[in-house]
Amino acid sequence: MTFRMLHLVLTYVLCMPFVILVSPAELGQMSIHNYINYVNPPAVHKYKHANGDSILCVKFTDQISLRPEKQQYGYDKKNSNIGWRDTQAGESPPNISGSGFEKRCPEGTVSVREIKHEHVKRAGSVNMFLRRKMVESSNQVHDYAVLQYSSDGIYSAQGRFNIWEPYVAPNDFSLGQIWLVQDQRLPTRQTIEAGWEVYPAHYGDSRPRLFVYWTNDDYKSTGCRNAECPGFVLSNGAQNYLGQPIDQVSEDGKDQIDKLISIKREILQGEAIWSLYIEDNVVGYWPGSLFSSLAESTNVVQYGGEVLHSTNDIGTPFSKTHMGSGHFSQEGFSKAAYIRDIQMHNSNNALVYPQESIIVGKPLCYNLTLGIDNTNSEWGHYMFFGGPGGDNPSCLN
């Protein structure tokens with residue numbers, strides 16, 4: 001057995017997903033009360049992270065993407081081997097240590113951000129809570145500044161993402177991310193997505209947070225963010241949890257903070273999976289069984305930013321949602337947001353840079369600039385992107 005395969009076996013504990021029993025479309029029809037009971041896995045421990053999030057420590061096989069249909073809901077106090085209790089702010093859970101986290105869940109568990117009633121209520125319904133990337137409604141528009149690479153047979157992609165805390169209107173969102181796409185122009189479009197986002201209406205604050213997303217039908221009825229429906233499988237002992245705030249952010253003209261985000265096709269128990277890494281730390285994976293054409297490889301990789309606007313806010317200060325840092329791409333380092341060290345690999349793990357194109361919907365609001373620095377391995381292929389938005393109606397029309 002190779003070291004890489006041994007690493008995967010130990011990381012994922014030889015456990016593959018059960019058949020997904022409740023689809024996102026079915027979840028969207030639930031009451032908020034029933035959804036909260038369903039989406040929060042039975043936990044052996046719960047604590048309040050120093051960042052304010054309520055964290056559930058869940059047995060690996062009890063997470064939403066792996067548990068059987070009749071798994072009990074709520075906190076598993078009776079069967080806990082650790083001793084369940086609420087940890088107060090400032091305390092540490094029992095037998096937990098480690099760096100990078102003020103607190104950690106015990107060995108054999110995964111960290112899940114608890115979804116609370118008020119989180120879903122802000123969206124108005126479970127369906128709207130889950131619909132962040134679904135087809136646009138009549139009063140919402142998505143704007144993009146994206147670098148796209150197109151080629152068959154891409155097996156991994158990475159980039160080092162500059163982290164900012166842009167201004168985002170209460171009902172909007174702004175993000176920087178990587179997309180892996182198949183069937184791009186078809187109703188069966190399939191995507192795997194990861195990055196950072198600021199989404200006040202969803203998270204209740206304006207901090208940038210780690211997120212993932214997926215769909216296998218062009219955002220119509222499948223897929224969701226993070227662990228808010230069955231799909232993404234969390235890695236045992238991961239140092240990051242989905243929806244986690246990113247503590248350090250870049251400052252205008254000062255220190256710049258970035259995170260390496262990598263998505264790699266790997267094999268686990270004979271099945272293709274897409275694994276997510278932050279720096280060198282595995283977060284989890286999307287099972288290939290979630291997809292058809294995207295199960296084996298991708299033929300489109302995109303990097304860049306996306307902003308959701310409400311068309312009701314045209315001409316008001318609330319339409320000034322920023323992308324990236326809020327600066328245009330041509331303002332460069334320490335002003336504009338960047339993605340550097342962009343890399344893609346084929347099935348032989350050879351570095352490839354396929355045909356590229358730029359997708360910018362409203363350059364007066366958000367734009368993108370490309371660059372290559374062959375003298376600096378820390379930058380290589382890179383891009384700057386973003387902008388301030390504005391109350392100019394051309395931003396939305």
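The following paragraphs describe how the strands of this predicted model are arranged. Local features are taken where pLDDT is at least 70, side-chain atom pairs count only at pLDDT 80 or more, and totals for chains, interfaces and linings use all residues. Residues are numbered from 1 along each chain as its sequence is written, and side-chain values use heavy atoms, with hydrogens and water left out.

A good place to start is the open sheet of six strands, ordered β9-β8-β7-β14-β5-β17 with antiparallel pairing. Strands here are DSSP runs (E, at least two residues), numbered from the N terminus, and two of them pair if DSSP finds at least two bridges between them. At the edges lie β9 (209-215) and β17 (355-360), each pairing on one side only. From one strand to the next, the twist averages 15°; axes are lines fitted to C-alpha atoms, and angles run from 0 to 180 degrees between N-to-C directions. Within this sheet, β7 (residues 173-182) and β8 (residues 190-198) are antiparallel and share nine bridges, with Ser 174 opposite Val 198 of β8.

Strand β2 (residues 54-59) is next. Five of its six residues are buried, so β2 is largely enclosed by the rest of the structure; buried means under 20% relative accessible area (1.4 Å probe, protein chains only). Four bridges link β2 to β1 (residues 45-48) in the antiparallel sense, and His 45 has Cys 57 in β2 as its bridge partner. The hairpin of β1 and β2 has five residues between the strands, and Gly 52 takes a positive phi near 100° there. Strand β2 also runs antiparallel to β4 (residues 109-113), joined by five bridges; Lys 59 is partnered with Thr 109 in β4.

Conventions:
Buried < 20%, exposed > 50% of the residue type's maximum accessible area, 1.4 Å probe, protein only.
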